[in-house]
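Visitor: I am new to this structure and should be grateful for a guided introduction. May we look at it together, one question at a time?

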Amino acid sequence: MKAIQVREFGPPNVMQMVELHDPAPGRGQVVVRIHAVGVNPVETYIRSGAYARKPELPFTPGADAAGVVEAVGEGVRRFRVGDRVYTAGTITGAYAERALCDESTVHALPERATFAQGAAVNIPYATAYRSLFHRAHAAAGETVLVHGATGGVGIAGVQLARAHGMTVIGTGGTPEGRARVLAEGAHHVLDHRDPGYLDALMALTEGRGVDVILEMLSNVNLGKDLTVLAQGGRVVVIGCRGTVEINPREAMARDAAILGMVLMNGSEREIHGIHAALVAGLENGTLRPVVGREFPLAEAPAAHEAVLAPGALGKIVLLP
Ligand code: NAP
């Protein structure tokens with residue numbers, strides 16, 4: 001099979017297309033024939049060698065894919081050959097024509113979702129879900145600011161929060177992105193490049209502030225976030241690309257909480273529950289992953305450049 005392989009850490013062009021043996025399933029494993037692969041920012045950090053956890057070289061990147069079960073190993077109960085599925089982690093890597101997966105990391109892909117949408121589910125939706133419900137304990141009737149709502153995690157956060165009965169305010173850096181955020185269920189949208197947008201946020205909440213913030217760029221925004229939280233507000237640190245200065249007094253005055261969140265810290269039980277909820281949301285149509293751009297698998301280096309560029313519009317997906 002064809003697969004992308006990283007033989008040394010470095011810039012996007014260290015990703016090369018190679019020919020590898022097709023995987024065969026062992027006990028409790030399935031082989032997925034991949035139709036679409038989700039590209040996440042974390043894969044760029046891992047490829048460059050900057051991420052805390054480094055895989056052994058050489059490796060095939062990626063955790064998120066969607067496709068069809070091609071082979072099942074002994075003892076596999078939940079899937080049969082031909083089932084449509086999405087993956088939440090693989091053993092052999094997702095940037096490939098096939099992936100070997102543990103049965104527990106494969107989930108049914110409802111008919112109404114395309115393969116490209118299926119590839120956009122795992123990291124973005126599980127991150128938004130765990131941030132909202134496991135970390136911030138977001139409640140119906142509360143107001144959430146999705147700070148960076150135009151990308152993979154942001155659009156997931158907007159849809160999940162709206163379906164939950166929250167008032168949703170999203171931000172985006174381009175007119176196209178902001179239009180998409182409104183179309184996906186935000187009640188209000190603001191431009192995070194506009195110097196006055198946090199004043200506009202306070203006006204929208206009649207001076208009260210927001211109960212929850214899903215923060216995609218904490219190194220830029222955390223200090224400001226603390227000033228627009230309501231009493232008892234919670235900000236979830238999802239994305240962070242550097243350091244930031246904050247005034248702790250802003251948190252103190254509001255009984256506010258700054259909550260770190262890394263998806264991989266989720267327990268087995270939490271992750272199981274998250275995927276049960278995501279499959280239900282895909283089935284009933286409340287979750288509709290947005291695919292902004294598609295690249296052929298061989299163009300993975302260009303996809304890695306695109307995922308870090310400004311002007312997000314949903315997910316970037318590779319097609320093997
Ligand atoms: P993405 O699709 O590339 O989206 C990036 C988002 O950040 C876009 O909405 C972008 O908006 C927004 N943004 C840019 N400048 C901003 C600013 N000044 N203020 C607020 N938002 C701004 O990435 P993603 O997959 O959604 O991931 C978002 C971040 O979360 C990344 O840093 C990623 O590494 C991290 N993440 C963390 C976890 C975890 O477990 N903690 C899991 C998944 C992702 P415009 O492009 O419209 O300006």
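Visitor: How far does a polar side-chain atom of T150 lie from an oxygen atom of the ligand?

Guide: Please bear in mind that this is a predicted model. T150 is one of the residues that come nearest to the ligand, together with Y45, H192, M261 and A312. Between a polar side-chain atom of T150 and an oxygen atom of the ligand, the distance is 2.7 Å.

Visitor: At what distance from an oxygen atom of the ligand is a polar backbone atom of G173?

Guide: Here the protein partner is a backbone atom of G173. V153 likewise offers a polar backbone atom, 2.9 Å from an oxygen atom of the ligand. For G173, the distance is 2.9 Å.

Visitor: How much of the accessible area of the ligand does the protein cover?

Guide: The shell around the ligand consists of 28 residues. Helix 1 (41-48), helix 3 and helix 4 each give two or more residues to this shell. On its own the ligand has 920 Å² of accessible area, and the share covered by the protein is 86%.

Visitor: Is Q159 buried or exposed?

Guide: Q159 belongs to helix 4. Beyond its neighbours within four places in sequence, Q159 is in contact with residues including Y125, E184, R288 and V290. The limit for a buried residue is under 20% relative accessible area. Because the value for Q159 is 2%, this residue is buried.

Visitor: With which residue does the side chain of E142 make a polar contact?

Guide: E142 sits in the loop between helix 3 and strand 8, and with a relative accessible area of 15% this residue is buried. Residues more than four places away in sequence that E142 touches include H137, M166, D211 and R234. The polar contact, 2.8 Å and side chain to side chain, is with R234.

Visitor: Which residues touch the most other members of the largest nonpolar core?

Guide: This core has 40 residues. Among the elements that give two or more residues to it are helix 3 (122-135), strand 8 (143-147) and helix 9 (268-284). Domain 1 (2-121 + 289-319) and domain 2 (124-264) each supply at least three residues. Those that touch the most other members are L132, V144, L160, L214 and L278.

Visitor: How many residues does the other core have?

Guide: V144, in the largest core, touches L132, I169, V212 and L214, among others. The other core lies apart from that one, and its members include I4, V69, V106 and V307. Its number of residues is 29.

Methods. Residues are numbered from 1 along each chain as its sequence is written. This is a predicted model: local features need pLDDT of at least 70, side-chain atom pairs count only at pLDDT 80 or more; totals for chains, interfaces and linings use all residues. Side-chain values use heavy atoms; hydrogens and water are left out. A nonpolar core is a set of buried Ala, Val, Leu, Ile, Met, Phe, Trp, Tyr and Cys residues joined through side-chain atoms within 4.5 Å. Buried means under 20% relative accessible area, exposed over 50%, partly exposed in between (1.4 Å probe, protein chains only). Helices (H or I, at least four residues) and strands (E, at least two) are DSSP runs, numbered from the N terminus. Domain bounds come from an automatic or database domain assignment. Contact means heavy atoms within 4.5 Å. A residue is near a molecule or strand if one of its heavy atoms lies within 4 Å of it. A polar contact is a pair of N or O atoms within 3.5 Å; within protein, one must be able to donate a hydrogen and the other to accept it, and residues adjacent in sequence count only if both atoms are side-chain atoms. Accessible areas come from the Shrake-Rupley method with a 1.4 Å probe; for residues, only the protein chains shown count as cover.
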